[in-house]
Amino acid sequence: MITLFGTTTSPFVRRVRVVCLEKGLPFTLVPALTDEGQAALRAVSPVWKVPVVQLDDGRVVYDSRVILDELCRDGWGPLREPPTTPKDRVDEENVVTMIDEAVLSLVRRFYLARDGADLEVPYLIKERDRALAILKHLDATVHGMFATAHGVAVGGFGRSELALVSGLDWLAFRQVFDLSQTPKLEALRAHWQSRPSIAATAPAA
Ligand SMILES: N[C@@H](CCC(=O)N[C@@H](CS)C(=O)NCC(=O)O)C(=O)O
(Lines give C-alpha, C1' and ligand atoms only; values in the text may rest on other atoms or scores of the structure.)
Protein backbone atom coordinates (compact mmCIF):
# COMPACT_ATOMS: atom_id res chain seq x y z
CA MET A 1 0.00 0.00 0.00
CA ILE A 2 1.24 3.48 -0.94
CA THR A 3 1.62 5.96 1.92
CA LEU A 4 0.95 9.55 0.85
CA PHE A 5 2.00 12.35 3.17
CA GLY A 6 -0.13 15.32 2.25
CA THR A 7 -3.05 17.65 2.68
CA THR A 8 -6.45 17.95 1.01
CA THR A 9 -5.68 21.52 -0.08
CA SER A 10 -2.31 21.18 -1.84
CA PRO A 11 -2.50 21.19 -5.65
CA PHE A 12 0.69 19.11 -5.81
CA VAL A 13 -0.72 16.44 -3.51
CA ARG A 14 -3.93 16.49 -5.52
CA ARG A 15 -2.11 15.33 -8.64
CA VAL A 16 -1.00 12.23 -6.78
CA ARG A 17 -4.49 11.62 -5.39
CA VAL A 18 -5.97 11.94 -8.89
CA VAL A 19 -3.46 9.55 -10.46
CA CYS A 20 -4.08 7.00 -7.68
CA LEU A 21 -7.85 7.26 -8.22
CA GLU A 22 -7.54 7.06 -12.00
CA LYS A 23 -5.27 4.02 -11.83
CA GLY A 24 -7.09 2.34 -8.93
CA LEU A 25 -4.03 2.45 -6.68
CA PRO A 26 -4.99 2.30 -3.00
CA PHE A 27 -3.15 4.67 -0.67
CA THR A 28 -3.15 5.78 2.94
CA LEU A 29 -3.10 9.54 3.48
CA VAL A 30 -0.98 10.78 6.39
CA PRO A 31 -2.35 14.29 7.06
CA ALA A 32 0.65 16.58 7.18
CA LEU A 33 -0.98 19.46 9.03
CA THR A 34 -1.33 17.82 12.46
CA ASP A 35 1.68 17.86 14.81
CA GLU A 36 1.89 14.08 14.51
CA GLY A 37 1.64 14.18 10.69
CA GLN A 38 4.24 16.94 10.45
CA ALA A 39 6.63 14.90 12.62
CA ALA A 40 6.02 11.84 10.42
CA LEU A 41 6.66 13.92 7.28
CA ARG A 42 9.90 15.33 8.66
CA ALA A 43 11.02 11.85 9.62
CA VAL A 44 10.85 10.72 5.97
CA SER A 45 11.78 13.89 4.03
CA PRO A 46 14.29 16.64 4.82
CA VAL A 47 12.45 18.84 2.29
CA TRP A 48 9.42 19.11 4.64
CA LYS A 49 7.07 19.62 1.71
CA VAL A 50 4.11 17.62 0.47
CA PRO A 51 3.49 15.42 -1.38
CA VAL A 52 5.86 12.71 -0.22
CA VAL A 53 5.13 9.13 -1.13
CA GLN A 54 6.49 5.98 0.47
CA LEU A 55 6.24 3.12 -2.01
CA ASP A 56 5.77 -0.57 -1.22
CA ASP A 57 9.45 -1.27 -1.83
CA GLY A 58 10.45 1.34 0.76
CA ARG A 59 11.51 4.08 -1.66
CA VAL A 60 10.52 7.55 -0.50
CA VAL A 61 9.83 10.11 -3.25
CA TYR A 62 9.87 13.84 -2.45
CA ASP A 63 8.34 15.59 -5.48
CA SER A 64 5.01 15.31 -7.29
CA ARG A 65 6.53 15.08 -10.77
CA VAL A 66 8.80 12.21 -9.78
CA ILE A 67 5.99 10.55 -7.81
CA LEU A 68 3.72 10.58 -10.88
CA ASP A 69 6.47 9.12 -13.04
CA GLU A 70 7.08 6.33 -10.52
CA LEU A 71 3.36 5.54 -10.11
CA CYS A 72 2.99 5.41 -13.89
CA ARG A 73 6.06 3.37 -14.83
CA ASP A 74 3.63 0.71 -16.04
CA GLY A 75 1.45 3.23 -17.92
CA TRP A 76 -0.88 6.11 -17.11
CA GLY A 77 -4.07 4.01 -17.04
CA PRO A 78 -7.09 6.06 -18.18
CA LEU A 79 -4.93 9.19 -18.38
CA ARG A 80 -3.26 10.25 -21.64
CA GLU A 81 0.27 8.92 -21.93
CA PRO A 82 2.91 11.68 -21.92
CA PRO A 83 4.20 12.45 -25.42
CA THR A 84 7.54 11.11 -26.58
CA THR A 85 8.42 13.30 -29.57
CA PRO A 86 10.93 16.03 -28.64
CA LYS A 87 8.67 19.04 -29.29
CA ASP A 88 5.53 17.59 -27.69
CA ARG A 89 7.51 16.41 -24.68
CA VAL A 90 9.04 19.83 -24.05
CA ASP A 91 5.70 21.57 -24.64
CA GLU A 92 4.06 19.38 -22.01
CA GLU A 93 6.89 19.70 -19.49
CA ASN A 94 6.82 23.48 -19.99
CA VAL A 95 3.12 23.65 -19.15
CA VAL A 96 3.75 21.74 -15.92
CA THR A 97 6.75 23.95 -15.10
CA MET A 98 4.78 27.13 -15.76
CA ILE A 99 1.79 26.26 -13.61
CA ASP A 100 4.12 24.92 -10.86
CA GLU A 101 6.04 28.20 -10.79
CA ALA A 102 2.89 30.37 -10.86
CA VAL A 103 1.40 28.38 -7.99
CA LEU A 104 4.64 28.38 -5.98
CA SER A 105 4.99 32.17 -6.34
CA LEU A 106 1.45 32.65 -5.06
CA VAL A 107 1.85 29.98 -2.35
CA ARG A 108 4.80 31.94 -0.92
CA ARG A 109 2.81 35.18 -0.98
CA PHE A 110 -0.17 33.39 0.60
CA TYR A 111 1.87 32.02 3.52
CA LEU A 112 3.69 35.32 4.06
CA ALA A 113 0.40 37.26 4.01
CA ARG A 114 -0.98 34.84 6.58
CA ASP A 115 2.05 35.57 8.78
CA GLY A 116 1.36 39.29 8.45
CA ALA A 117 4.42 40.06 6.31
CA ASP A 118 4.64 43.12 4.06
CA LEU A 119 4.16 41.88 0.48
CA GLU A 120 5.06 45.23 -1.10
CA VAL A 121 8.78 44.47 -1.32
CA PRO A 122 10.55 44.02 -4.68
CA TYR A 123 10.99 40.24 -4.63
CA LEU A 124 7.42 39.57 -3.59
CA ILE A 125 6.13 42.01 -6.19
CA LYS A 126 8.19 40.04 -8.70
CA GLU A 127 6.56 36.83 -7.44
CA ARG A 128 3.11 38.35 -8.07
CA ASP A 129 4.11 39.64 -11.52
CA ARG A 130 5.73 36.31 -12.44
CA ALA A 131 2.50 34.48 -11.64
CA LEU A 132 0.51 36.99 -13.71
CA ALA A 133 2.93 36.70 -16.66
CA ILE A 134 2.76 32.89 -16.57
CA LEU A 135 -1.00 32.73 -16.27
CA LYS A 136 -1.48 35.25 -19.09
CA HIS A 137 0.94 33.25 -21.25
CA LEU A 138 -0.92 30.03 -20.52
CA ASP A 139 -4.22 31.77 -21.24
CA ALA A 140 -2.91 32.80 -24.64
CA THR A 141 -1.51 29.37 -25.51
CA VAL A 142 -4.00 26.73 -24.27
CA HIS A 143 -6.10 25.00 -26.92
CA GLY A 144 -9.69 24.95 -25.67
CA MET A 145 -9.96 22.21 -23.06
CA PHE A 146 -6.39 21.02 -23.75
CA ALA A 147 -3.11 22.41 -22.48
CA THR A 148 -1.08 21.48 -25.56
CA ALA A 149 -1.39 20.78 -29.28
CA HIS A 150 -0.52 17.16 -28.48
CA GLY A 151 -3.54 17.03 -26.18
CA VAL A 152 -5.77 18.22 -29.04
CA ALA A 153 -4.31 15.61 -31.41
CA VAL A 154 -4.58 12.65 -29.02
CA GLY A 155 -7.49 13.70 -26.79
CA GLY A 156 -8.13 12.65 -23.21
CA PHE A 157 -7.01 14.04 -19.87
CA GLY A 158 -3.25 14.19 -19.46
CA ARG A 159 -0.72 15.32 -16.89
CA SER A 160 -0.66 18.86 -18.33
CA GLU A 161 -4.43 19.30 -17.92
CA LEU A 162 -4.17 17.70 -14.47
CA ALA A 163 -1.45 20.14 -13.44
CA LEU A 164 -3.44 23.09 -14.78
CA VAL A 165 -6.78 22.14 -13.21
CA SER A 166 -5.15 21.37 -9.83
CA GLY A 167 -3.21 24.63 -9.84
CA LEU A 168 -6.10 26.80 -11.02
CA ASP A 169 -8.51 25.25 -8.51
CA TRP A 170 -6.05 26.08 -5.74
CA LEU A 171 -5.80 29.72 -6.91
CA ALA A 172 -9.60 29.94 -6.83
CA PHE A 173 -9.87 28.11 -3.48
CA ARG A 174 -7.38 30.46 -1.79
CA GLN A 175 -8.64 33.50 -3.73
CA VAL A 176 -5.10 34.55 -4.56
CA PHE A 177 -5.71 35.28 -8.26
CA ASP A 178 -8.69 36.65 -10.13
CA LEU A 179 -9.31 34.06 -12.85
CA SER A 180 -11.58 36.44 -14.78
CA GLN A 181 -8.25 37.86 -16.06
CA THR A 182 -7.61 34.52 -17.81
CA PRO A 183 -10.95 33.44 -19.32
CA LYS A 184 -9.54 30.60 -21.41
CA LEU A 185 -7.93 29.02 -18.36
CA GLU A 186 -11.19 29.47 -16.48
CA ALA A 187 -13.06 27.67 -19.30
CA LEU A 188 -10.51 24.82 -19.31
CA ARG A 189 -10.81 24.50 -15.52
CA ALA A 190 -14.62 24.42 -15.71
CA HIS A 191 -14.59 21.81 -18.47
CA TRP A 192 -12.75 19.17 -16.42
CA GLN A 193 -14.63 19.61 -13.13
CA SER A 194 -17.04 16.78 -13.90
CA ARG A 195 -14.30 14.18 -14.33
CA PRO A 196 -14.85 11.86 -11.33
CA SER A 197 -11.24 11.96 -10.07
CA ILE A 198 -11.28 15.77 -10.22
CA ALA A 199 -14.70 16.08 -8.58
CA ALA A 200 -13.60 13.70 -5.79
CA THR A 201 -10.43 15.65 -4.95
CA ALA A 202 -11.57 19.30 -4.90
CA PRO A 203 -9.54 21.32 -2.37
CA ALA A 204 -11.13 21.20 1.07
CA ALA A 205 -9.84 22.68 4.31
N1 LIG B 1 7.90 20.85 -6.33
C2 LIG B 1 7.13 20.30 -5.23
C3 LIG B 1 6.33 21.40 -4.57
C4 LIG B 1 5.63 20.92 -3.33
C5 LIG B 1 5.14 22.09 -2.48
O6 LIG B 1 5.61 23.24 -2.58
N7 LIG B 1 4.21 21.78 -1.54
C8 LIG B 1 3.68 22.77 -0.63
C9 LIG B 1 2.19 22.57 -0.41
S10 LIG B 1 1.25 23.12 -1.80
C11 LIG B 1 4.32 22.59 0.74
O12 LIG B 1 4.46 21.48 1.20
N13 LIG B 1 4.67 23.70 1.40
C14 LIG B 1 5.17 23.66 2.76
C15 LIG B 1 6.25 24.66 2.99
O16 LIG B 1 6.54 25.47 2.09
O17 LIG B 1 6.81 24.61 4.08
C18 LIG B 1 6.22 19.19 -5.80
O19 LIG B 1 5.79 19.32 -6.95
O20 LIG B 1 5.98 18.22 -5.10
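## Exercises on a ligand shell and its loops

In this predicted model, the shell around the ligand consists of six nonpolar, two polar and three charged residues.

**Exercise 1.** Find which residues surround the ligand, and state which elements give two or more residues to the shell.

*Solution.* Step one is to list the shell: Ser-10, Phe-12, Trp-48, Lys-49, Val-50, Pro-51, Asp-63, Ser-64, Arg-65, Leu-104 and Val-107. Step two is to assign elements: helix H3 (64–71) and helix H4 (86–114) each give two or more residues to this shell.

**Exercise 2.** Determine whether the peptide bond from Val-50 to Pro-51 is cis or trans, and locate Pro-51.

*Solution.* Begin with omega, which is near 5° for this bond, and the bond is cis. Then place the residue: Pro-51 belongs to the loop between helix H2 (35–44) and strand S3 (52–54). Both Val-50 and Pro-51 are among the residues around the ligand.

**Exercise 3.** Describe the phi angle of Trp-48, its place, and whether it is buried or exposed.

*Solution.* First, phi of Trp-48 is near 60°, a positive value in a residue that is not glycine. Next, Trp-48 lies in the loop between H2 and S3. Last, count neighbours: Trp-48 has 11 C-beta neighbours inside 10 Å, so it counts as exposed; the cut-off for exposed is 12 or fewer.

**Exercise 4.** Do the analysis of phi, place and exposure for Gln-175.

*Solution.* Phi of Gln-175 is positive, about 55°, although the residue is not a glycine. Gln-175 sits in the loop between helix H7 (159–174) and helix H8 (183–192). Gln-175 is exposed because 9 other C-beta atoms lie within 10 Å.

Note on methods:
Residues are numbered from 1 along each chain as its sequence is written. This is a predicted model: local features need pLDDT of at least 70, side-chain atom pairs count only at pLDDT 80 or more; totals for chains, interfaces and linings use all residues. A residue is near a molecule or strand if its C-beta atom, placed from the backbone, lies within 6 Å of it. Helices (H or I, at least four residues) and strands (E, at least two) are DSSP runs, numbered from the N terminus. Ala, Val, Leu, Ile, Met, Phe, Trp, Tyr, Cys and Pro count as nonpolar, Asp, Glu, Lys and Arg as charged, and the others, Gly among them, as polar. A residue is buried if 20 or more other C-beta atoms lie within 10 Å of its own, exposed if 12 or fewer, and partly exposed in between; C-beta atoms are placed from the backbone.
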